[in-house]
Amino acid sequence: MDKNMEWLMATKVKRTMENLEKNNISSYFINTREELIEIIETLSLEGDKVAVGGSATLNELDLLSYLRSGRYNFLDRYKEGLTREEVVNIFRESLLSDVYITSTNAITEEGYLYNVDGNGNRVAAMLYGPNKVIVICGVNKLVKNVDEAIERNKSISAPANAKRLDRKTPCSKIGYCMDCKSEERICKKYTLIKEEGTKGRMHVIILNENLGY
């Protein structure tokens with residue numbers, strides 16, 4: 001990225017972070033994954049009950065390996081051999097976690113978080129339950145406004161995630177949301193977080209790279 005594009009992105013990040021802070025959501029802008037771990041450890045304690053939402057971003061960052069290191073009481077939804085019932089129980093227990101780590105489908109420059117879920121466990125935990133929520137995203141998730149957030153989900157997040165999950169939906173074939181009625185549809189629960197009510201609960205960490213869908 002040349003210096004002019006770097007400047008343009010920096011101004012976008014600055015606007016977004018200023019508005020997140022106004023909305024009672026702490027924000028951080030970092031360049032390395034080492035910085036990411038430092039912030040997570042600042043926001044959590046050893047032995048904390050930690051859970052995660054389904055996220056391509058967290059997978060790209062290999063954050064699960066860190067969370068499995070033994071520092072935390074990690075509610076590992078991806079542990080090998082779990083039955084569907086056991087996974088659902090982890091989803092429920094995650095609502096009582098000390099720290100919930102996830103990504104987001106989009107963040108607007110107004111400081112709003114837009115998300116679309118299938119089961120709803122991820123957005124439920126973001127909205128209420130865990131003592132702290134840490135949202136991790138790349139600069140590619142930053143958009144101008146809610147309209148752009150909706151469009152981003154239709155043209156990027158939904159089809160890419162449907163493809164990742166091997167869902168037999170129209171978007172996994174043509175690459176764009178058709179607002180389908182498929183039994184395998186993953187876009188069912190829509191949320192817009194405009195403001196956090198509890199100071200110090202929600203934290204957004206923006207990495208200076210493209211991550212996830």
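Begin by selecting strand 5, residues 106-108, together with strand 8: the two run parallel to each other and are held in register by two bridges. Within this pairing, T108 can be picked out, as its bridge partner in strand 8 is V143. The model on screen is a predicted one.

Now widen the selection to the sheet that contains this pair, an open sheet of four strands with mixed pairing, in which the order is 8-5-6-9. The edges are taken by strand 8 (142-143) and strand 9 (189-193), and because each of these has a single partner strand, one side of each is left without a neighbour in the sheet.

From the sheet, turn to the largest pocket, whose volume is about 740 Å³. To centre the view, select G54, D117, G118, R164 and L165, which among the 34 lining residues are the closest to the centre of this pocket. Then colour the elements that give two or more residues to the lining, namely helix 3 (56-60), helix 5 (84-94), strand 6 (113-117), helix 6 (121-127) and helix 7 (146-164). Helix 7 provides the largest share of that lining, with five residues. If the lining is coloured by class instead, 14 of its residues appear as polar, 10 as nonpolar and 10 as charged.

The next stop is S97, found in the loop that lies between helix 5 and strand 4 (99-102). This serine is counted as buried because its relative accessible area is 1%, which falls under the 20% cut-off. Displaying its side chain shows a reach of 3.5 Å from S97 to the backbone oxygen of V99.

Enclosed space comes next. Rolling a probe the size of a water molecule over the atoms shows where empty space is left. The structure holds two cavities of 30 Å³ or more.

For the second largest cavity, with a volume of about 30 Å³, select V52, R77, I90, F91, S94, Y100 and N121, the residues that line it. Helix 5 gives three residues to this lining, the largest share, and by class the lining comprises four nonpolar residues, two polar and one charged.

For the largest cavity, which holds about 100 Å³ of space, the selection is A158, A162, T169, P170, C171, C177, M178, D179, C180, R185, I186 and C187. Nine of these lining residues are nonpolar, two are charged and one is polar.

Keep that selection on screen, since C171, C177, C180 and C187 are among the residues lining the largest cavity. How many disulfides does a search of the whole structure find? The search finds zero. Starting from C171, which is in no disulfide, the nearest cysteine sulfur is that of C180, at 6.4 Å. C171 is itself buried, with a relative accessible area of 12%.

Moving to C177, why is there no bond between its sulfur and the closest cysteine sulfur? That closest sulfur belongs to C187 and lies 5.7 Å away, which is too far for a bond, because a disulfide requires the two sulfur atoms to be within 2.5 Å. C177, at 18% relative accessibility, also counts as buried, and the tour can end here, with C177 and C187 both shown in the lining of the largest cavity.

Technical notes
Residues numbered from 1 in each chain as written. Predicted model: local features only at pLDDT ≥ 70, side-chain atom pairs only at ≥ 80, totals over all residues. Heavy atoms only, no water. Buried < 20%, exposed > 50% of the residue type's maximum accessible area, 1.4 Å probe, protein only. Pairing = 2+ DSSP bridges. 1 Å grid on protein atoms, 1.4 Å probe; cavity = no way out; pocket = protein on both sides within 12 Å on 5 of 7 lines; lining within 4 Å. Points joined across faces, edges and corners; volume = space filled by probe spheres on them. Nonpolar A, V, L, I, M, F, W, Y, C, P; charged D, E, K, R; others polar. Polar contact = N/O pair within 3.5 Å; in protein donor to acceptor, adjacent residues only side chain to side chain.
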